[in-house]
Amino acid sequence: MNINSFLADDDQQSKQYKYVLNSTNKFQEQGKNDRSELTLEDSYFRSCALRLAQQGDYTEAIALLTQLISRHPHNAIDYNNRGLIYFQSGEMQKALCDYNTALKLNPALASAYNNRANYYAACGELAVALADYDQAIDLNPRHVRAWINRGITWRDLGQYEEAIENFEVVLLFGQLEGHIWAERGRTYHLWGDWNCAIADYRRALTQLPSLNNSKDITGCRLRLQLENWLNELLSESAS
């Protein structure tokens with residue numbers, strides 16, 4: 001199983017990513033006497049940590065989130081985000097510990113269930129992963145990533161019909177269509193419906209970013225994987 005197929009969630013509170021080389025020092029020095037500034041600073045550094053992780057600087061990202069956790073030990077979002085970065089860096093047990101802590105602090109945090117399910121799926125515990133994806137969707141029925149991941153897991157279990165039905169439902173939400181078409185196409189491919197697989201693969205290629213797009217690493221990775229799947233299928237059909 002390719003764990004990179006699964007879509008993780010972060011809970012950054014600011015979508016304006018800004019990168020600062022001396023972020024840890026600034027975190028300690030700025031805004032200590034103003035509560036409103038501290039709130040903005042916390043949000044800013046959450047975004048910085050996630051941006052650092054996207055750039056592959058996991059050590060600095062984890063350090064920032066650890067500082068935030070020391071400052072706000074009951075914030076489930078920070079544990080969830082640090083768990084995500086631990087997972088991305090290969091520190092699986094630390095990731096699981098943080099996801100469990102996040103869910104203990106906030107049992108309604110759907111993204112933590114999705115992320116923990118990705119951990120279980122990566123470890124081959126697919127039934128346990130399905131239970132967490134179900135919980136994420138129960139808490140947030142429009143949780144697109146959990147729907148996609150659940151479809152992938154059904155496929156890995158060989159339950160192709162359930163996977164296809166899952167992908168068809170999540171397509172109705174109008175988000176991440178490229179990912180959904182790619183994963184539905186792969187399901188058709190493995191199920192033996194090559195015509196539907198080729199059609200979905202080609203639809204997905206119109207939506208996924210080009211390989212030189214540094215802003216969407218997950219999308220680029222899926223595009224590369226998709227091109228391999230399509231070439232594999234076309235060579236099989238030609239033989």
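**Helices of the predicted model**

In helix 10, the buried residues are Gly178, His179, Ile180, Trp181, Ala182, Glu183, Arg184, Gly185, Arg186, Thr187, Tyr188 and His189. The structure is a predicted model. Helix 10 has 15 residues, and 12 of them are buried, so the helix is largely enclosed by the rest of the structure. Its buried residues pack against four elements: helix 8 (144-156), helix 9 (160-171), helix 11 (194-205) and helix 12 (217-238). The length of helix 10, which covers residues 177-191, was also examined. At 1.5 Å a residue, a span of 21 Å is expected; the end C-alpha atoms lie 21 Å apart, which agrees. Gly192 follows helix 10. The phi of Gly192 is positive, near 100 degrees.

Helix 8 was treated in the same way. Of its 13 residues, 10 are buried, so helix 8 is largely enclosed by the rest of the structure. The buried residues are Val144, Ala146, Trp147, Ile148, Asn149, Arg150, Gly151, Ile152, Thr153 and Arg155. Their cover includes helix 6, helix 7 (126-139), helix 9 and helix 10. For the 13 residues of helix 8, 1.5 Å a residue gives an expected span of 18 Å. The end C-alpha atoms are 19 Å apart, which agrees. Just after helix 8 comes Gly158, with a positive phi of about 80 degrees.

The next result concerns a pair of helices. Two packed helices are described by the angle between their axes and the distance between the axes. Helix 5 (residues 92-105) packs on helix 6 (residues 110-122) at an angle of about 150 degrees, and the axes are 9 Å apart. Angles over 145 degrees count as roughly antiparallel, so helix 5 is roughly antiparallel to helix 6. The crossing of helix 5 past helix 6 is left-handed. Helix 5 contributes Met92, Gln93, Leu96, Tyr99, Asn100, Ala102 and Leu103 to the contact. Helix 6 contributes Ala112, Tyr113, Asn115, Arg116, Tyr119, Tyr120 and Ala122. By type, the residues of this contact are 10 nonpolar, three polar and one charged.

These helices belong to a chain of 239 residues, of which 48% count as buried. The chain has 12 helices and zero strands. Along the sequence, the pattern reads α-α-α-α-α-α-α-α-α-α-α-α. Contacts were also sorted by separation along the chain. Among contacts with a separation of 6 or more, 56% join residues 24 or more positions apart.

Notes. Residues are numbered from 1 along each chain as its sequence is written. This is a predicted model: local features need pLDDT of at least 70, side-chain atom pairs count only at pLDDT 80 or more; totals for chains, interfaces and linings use all residues. Side-chain values use heavy atoms; hydrogens and water are left out. Helices (H or I, at least four residues) and strands (E, at least two) are DSSP runs, numbered from the N terminus. The expected span of a helix is 1.5 Å times one less than its number of residues. Buried means under 20% relative accessible area, exposed over 50%, partly exposed in between (1.4 Å probe, protein chains only). Contact means heavy atoms within 4.5 Å. Axes are lines fitted to C-alpha atoms, for helices over the stretch in contact, and angles run from 0 to 180 degrees between N-to-C directions. Angles under 35 degrees count as roughly parallel, over 145 as roughly antiparallel, 65 to 115 as roughly perpendicular and the rest as oblique. A crossing is left-handed if the near helix is turned anticlockwise from the far one by less than a right angle, and right-handed if clockwise. Ala, Val, Leu, Ile, Met, Phe, Trp, Tyr, Cys and Pro count as nonpolar, Asp, Glu, Lys and Arg as charged, and the others, Gly among them, as polar.
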